[in-house]
There are 2 protein chains.
Amino acid sequence: MADAARHERTAHQLRMLSESLDSGRYGPVRRLVNTLSPAEIGNLLESLPSAKRDVVWGLVDPEDDGEVLLHVDDEVREGLIAAMDPDELVAAVEDLDIDDLAELLDDLPDTVIDEVLKSMDRENRERLEQVLSYPEDSAGRLMNPDVVTVRADVTIDVVLRFLRLRGELPDNTDHLYVVSRRHQYLGRVALSQLVTHDAGTPINTLMDDSQPAITVETLSDEVARQFSDHDWISAPVVDENNVLLGRITIDDVVDIIREQADYQVLSAAGVSEDESLFSPVLRAFRGRFTWLSINLATAFLAASVVGRFEATLAEIVALAVLMPIVAGMGGNAGTQVLALMVRGLALGQVSAANVGTLVWKEVRIALMNGVLLGLVVGVVTLVWFQNPGISAVIFAAMVLNLSCAALAGVLVPITLRRFNIDPAVAGGVILTTVTDVMGFFAFLGLATLFLLRG
Amino acid sequence: MADAARHERTAHQLRMLSESLDSGRYGPVRRLVNTLSPAEIGNLLESLPSAKRDVVWGLVDPEDDGEVLLHVDDEVREGLIAAMDPDELVAAVEDLDIDDLAELLDDLPDTVIDEVLKSMDRENRERLEQVLSYPEDSAGRLMNPDVVTVRADVTIDVVLRFLRLRGELPDNTDHLYVVSRRHQYLGRVALSQLVTHDAGTPINTLMDDSQPAITVETLSDEVARQFSDHDWISAPVVDENNVLLGRITIDDVVDIIREQADYQVLSAAGVSEDESLFSPVLRAFRGRFTWLSINLATAFLAASVVGRFEATLAEIVALAVLMPIVAGMGGNAGTQVLALMVRGLALGQVSAANVGTLVWKEVRIALMNGVLLGLVVGVVTLVWFQNPGISAVIFAAMVLNLSCAALAGVLVPITLRRFNIDPAVAGGVILTTVTDVMGFFAFLGLATLFLLRG
């Protein structure tokens, strides 16, 4: 329940802030805002209506402006940038790391970009251009080209003298990278080794070459997986010739992991990952309408199945009362299997070698649930409608639909993955279409066969 | 599509492995397994049926055994531990970090625990006991008590001499912690500062005291939030008197973030977080049956609403064909709102100050969707059943149910949170119950009022 505690605290802050803003007392707002980290300020700005957001944005310490812009969604960022003078913007972004600057650049007005580029030295300008030349979800965009490199044939003493001359290291530097004369990546040396070994120790005796470098085209999802599989804090990025280009640090990877999780939850519910709770009505409407339209089409498909049994329903109205139960329970049972499959597929745990095992396991679980829940439904039906025929038919339909749901839960995501469609997005709609259609068809079909007065 | 590429690769490995195991050729399996990281081996073991799992487990390099045990779920871990001799187990776990050892300890047989405790020196034994004295989801369990501390009044030179005497630093050490004589936390010094400043620089001029320490009782969810809000790599853990107890590193936090994401996705689908794709049938059945039973109860509730309109359905069978559309579309629209609300609540972006704004925004979106989709449904209904009355009623019912879904989407999660119930778990069932009941009631109710031959 940490979420609850946190909710209380931030909700309290929001309320205080809201009251202060309403009464025009900006002093307390400024004090509150400047106790927060850039990520927390970003979070706060996202949750304010746009008029209040602009007021609070004006109260943020200009030193934090650049970092805050990195911590808000695209929509809010556009609004904040629009509210700033070119001078303020240049001041806000010119001290950012290259990788962070690259992330913001697309959203900045051209005049500001020109100013920022002018204010950079040639080396950094070239680095920025290099980072921008890679696709947006690749290691090349995530990396910071500002890395500290050393040669293998020097001693710790030489390295320490070099570092003292160089001064401050890039944020989160935990390793120095060892490169060849042609700047090819050879391995890394931890700062903790530099400070625990004698000054005369040569770097090549300390060098760790066991961590593979990330190639610059690697997609960011794969970068995140490698980091969490290997518990890395940072990793070198190289081009196809093994030339060192930069390094990725875990704080950026944590952002990716959070975004992936958000994406999975939101897209399964039919919400675009760009939408937030505070998106403008029209934009939110457009995104959601598309999803609802797809669902409406599948709903008509299921209704058309029911439509084929109008004669049966006209004769036995109880079937209309009970049919949503059969369809709905199939959907619930299938969703359970789907959720496990989506995770298993993402972890690479599903292959042709074990699909058979999984299907067999899920069908057995479905039969157990089907028989047990079918019995419950059958008994309740018998008590309710006093008709053993309907009771038997709904029992059979439950067993059938839950088995069908298990099959669909395993096979739908595998099939989608084979066609390169993300099962986390499309799996749910397809699965519930199958269970609705099958649920109605099995229940009304069996009733038509066995219960109609012929 | 990194997932797809990864899926291909790991699926290929799984297939190769499976074939080699089937034909009894263990050489290639051993070679493949020992190219993987402990996390990857863990992932592989989880995806194998238990007979093959035991064979592969026997082929893992004993040096990796301890780390692999840390990277599998509880169920698989129990099985692997059961397959090991006490001697093997002691060898596997005795070199682990204290925090990792604490995580495994509950699963080890008592004789092994005794052996491991005996093999540790007194200091480490006391540290382990201290870690174990904190609740399982607290900072105290996450922390590693093995930290390197320095005094504020010494110079870099003294620190470097001390570190060279001490030798190897704990994994992922990026900062040394500065403490008082009474071991109270004062601040931290980055290793990168030690290597970039002159040897004569006193520590107190370099010390950064801006990062607050984490208190030992902090819940792990809150620890994860602080790390990602502040982009920390590591953080000190203190007791209520500010005495330094240990440090938490980001690799453990990444695991928490992943687990949170898994929990949210699985629990929303009604699967226990302990279940995996490869759990035994009986265990999986029990977990899922509970969830399905709850859903069955709500399904009967919705059916009882339909039951009240049997007379209406008997007269106009078309209503039975169409009613699942109204109920289902409400569920879909409400789920969209719920997903955004659950995220907003977790981020602390929702408070009494903006509930009104959110409700008004969602109701407007719902009216737009309701009118547009209602028109589509109305026209299709008119073409299908040639009955303008049914067409008008379904239009009105769609607008009503989508508005109701929007209200429920905002208010259900807020209410659950107020009662300290996780809206990510219970929100979906309650929401769809509301939209089913309201969908059936609005549609059949309006039809009864306006369409029945009186």
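I began with Gly374(B), which I found in helix 20 of chain B. The model is a predicted one.

I checked whether Gly374(B) is buried or exposed. I counted 24 other C-beta atoms within 10 Å, so Gly374(B) is buried; the cut-off for that is 20 or more.

I then looked up the contacts of Gly374(B), leaving aside neighbours within four places in sequence, and noted Phe395(B), Met398(B) and Val399(B). I also took the C-alpha separation of Gly374(B) and Val326(B), which is 9.1 Å, with their places 48 residues apart along the chain.

Next I turned to the helix pair. I took helix 19 of chain B as residues 318-346 and helix 20 of chain B as residues 352-385, and found that their axes come within 12 Å and cross at roughly 160°. An angle over 145 counts as roughly antiparallel, and helix 19 of chain B and helix 20 of chain B are therefore roughly antiparallel to each other. I recorded the crossing as right-handed.

I listed the residues that meet. From helix 19 of chain B they are Ala318(B), Leu322(B), Ile325(B), Met329(B), Ala333(B) and Val337(B). From helix 20 of chain B they are Glu362(B), Ala366(B), Asn369(B), Leu373(B), Val377(B), Thr381(B) and Phe385(B). I sorted the residues of this contact into 10 nonpolar, 2 polar and 1 charged.

Last, I looked at the contact between the chains. I found 117 residues from chain A and 116 residues from chain B in it. On the side of chain A that touches chain B, helix 19 of chain A (residues 318-346) gives the most, with 20 residues. I split that side of chain A by class into 62 nonpolar, 30 polar and 25 charged residues.

Technical notes: Residues numbered from 1 in each chain as written. Chains lettered and ligands numbered in written order. Predicted model: local features only at pLDDT ≥ 70, side-chain atom pairs only at ≥ 80, totals over all residues. Axes fitted to C-alpha atoms, helices over the stretch in contact; angles between N-to-C directions. Helix = DSSP H or I, 4+ residues; strand = E, 2+ residues; numbered from the N terminus. Parallel < 35°, antiparallel > 145°, perpendicular 65-115°, else oblique. Left-handed = near helix turned anticlockwise from the far one by under 90°. Contact = placed C-beta atoms within 7 Å. Nonpolar A, V, L, I, M, F, W, Y, C, P; charged D, E, K, R; others polar. Buried ≥ 20, exposed ≤ 12 C-beta atoms within 10 Å, placed from the backbone.
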